[in-house]
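User: I am in my first year of study and would like a close look at a single part of this model. Please choose one strand, and explain its partners, its side chains and its surroundings in one connected answer.

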Amino acid sequence: MENHKELLREVFGESSDSEDLDPQNPIPSWEQIKEINGLWLCRGFLSPQHQSSVVSAVLNEGWFNEDSHNQAMRFGDLPAWAIELSSSIREAVFLEDHVSEPINSVTSNGGTKPCILPSNLLWREPLFDQLIVNLYHPGEGICAHVDLMRFEDGIGIVSLESSCVMHFTRVEEGGSDIVEHRENHPLTTKVPVLLTPGSLVIMSREARYLWKHEINRKPGLQMWEGQELMQDRRISITLRKLCQVD
């Protein structure tokens, strides 16, 4: 544990928040979604206390004071809490890729351990400069889509308050739905991913460009291991980096 703290100080400086390294808040555990290259899930990314703090910060922005408002977008200078969240993402990825098991370490099948984010993405400045916060009530979700090409590779999604299942579907080869979703696409295999409160999803490479993601919270469609999930209000925080214009 002390070695982890020392490494964080060396890389991120004395300002690095060591809360996640407290013995009562163990280092978050990452899971590679095997079916999709570049898709990673970190279930314990935010502690319950940190979740409450972020939810309070989001609601204090006043974006959702009116019932008709359910989305807020910010570009460039992000709120302080979002910058802190970005720093926490960078630290969590760094610890997994470079501390828990050294990058390029040999796996049991003789291959090399894949990294969550390539170095050119992890160390870009800023890591993220665009923010979308969505507030979903029970039954509300988002249709299948791939994020717009105006954003770089490497996208983070933090899920708060209510669990849900996000489904991933591969984009048709040669199709034009990299950006737009069309209803007449034939059914293809969906990969379900359970997002619990405080979890983090990282999408890069194929997961970012070649797979659509969606959340359908209509009654009877939020199933996990044979059980329907209880639905409540859910807040989703998406962090992205705008492409540089030459």
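Analyst: In this predicted model, L39 of β2 stands opposite M203 in β9. That pair of residues is a suitable place to begin, and β2 is the part examined here.

The strand β2 covers residues 39–42. Its pairing with β9 is antiparallel and consists of 4 bridges. β2 is also joined to β1, residues 30–32, by 3 bridges, again in the antiparallel sense. In that second pairing, W30 stands opposite C42 of β2. Strands of a sheet pair through backbone hydrogen bonds, either parallel or antiparallel.

The strands β1 and β2 form a hairpin with 6 residues between them. Within this hairpin, G38 takes a positive phi near 90 degrees.

The next step is to place β2 in its sheet. Seven strands form an open sheet with antiparallel pairing, in the order β1-β2-β9-β6-β13-β4-β3. Which strands stand at the edges of this sheet? They are β1 and β3 (71–75); each has a single partner strand, so one side of each is left without a neighbour in the sheet. On average, neighbouring strands of this sheet are turned by 15 degrees against each other, direction ignored. Beyond β9 in the order comes β6. The strands β6 and β9 pair in the antiparallel sense over 5 bridges, and G156 stands opposite I202 of β9.

The side chains of β2 can now be considered. In a regular strand the side chains alternate between the two faces of the sheet. In β2, L39 and L41 point one way, while W40 and C42 point the other way. Are these four residues buried or exposed? All of them are buried.

This leads to the largest nonpolar core, which has 36 residues. Among the residues that touch the most other members are W30, F45 and W81, together with I89, L131, V133 and I237. W30 therefore appears in two roles, for it also stands opposite C42 in β2. Several elements, including β2, α2 (48–60), β6 (155–160), β9 (199–203) and β13, each supply at least two residues of this core. The helix α3 gives the most, with 7 residues.

After β2 the chain enters a loop that leads to α2, and S47 lies in this loop. S47 counts as buried because its relative accessibility is 8%, and buried means under 20%. Its C-alpha atom is separated by 9.4 Å from that of S199, although S47 and S199 are 152 residues apart along the chain.

Finally, two strands of this sheet, β4 and β13, also take part in the lining of the largest pocket. This pocket has a volume of about 350 Å³. Of the 18 residues that line the pocket, the closest to its centre are I132, N134, I142, H145 and R240. The strands β4 (130–136), β5, β10 (211–215) and β13 (234–240) each supply at least two residues of the lining. The largest share, 4 residues, comes from β13. By class, the lining has 9 nonpolar, 6 polar and 3 charged residues.

In summary, β2 pairs with β1 and with β9, its residues L39, W40, L41 and C42 are buried, and β2 supplies at least two residues of the largest nonpolar core.

Technical notes
Residues numbered from 1 in each chain as written. Predicted model: local features only at pLDDT ≥ 70, side-chain atom pairs only at ≥ 80, totals over all residues. Heavy atoms only, no water. 1 Å grid on protein atoms, 1.4 Å probe; cavity = no way out; pocket = protein on both sides within 12 Å on 5 of 7 lines; lining within 4 Å. Points joined across faces, edges and corners; volume = space filled by probe spheres on them. Nonpolar A, V, L, I, M, F, W, Y, C, P; charged D, E, K, R; others polar. Core = buried A, V, L, I, M, F, W, Y, C linked by side-chain atoms within 4.5 Å. Buried < 20%, exposed > 50% of the residue type's maximum accessible area, 1.4 Å probe, protein only. Pairing = 2+ DSSP bridges. Axes fitted to C-alpha atoms, helices over the stretch in contact; angles between N-to-C directions.
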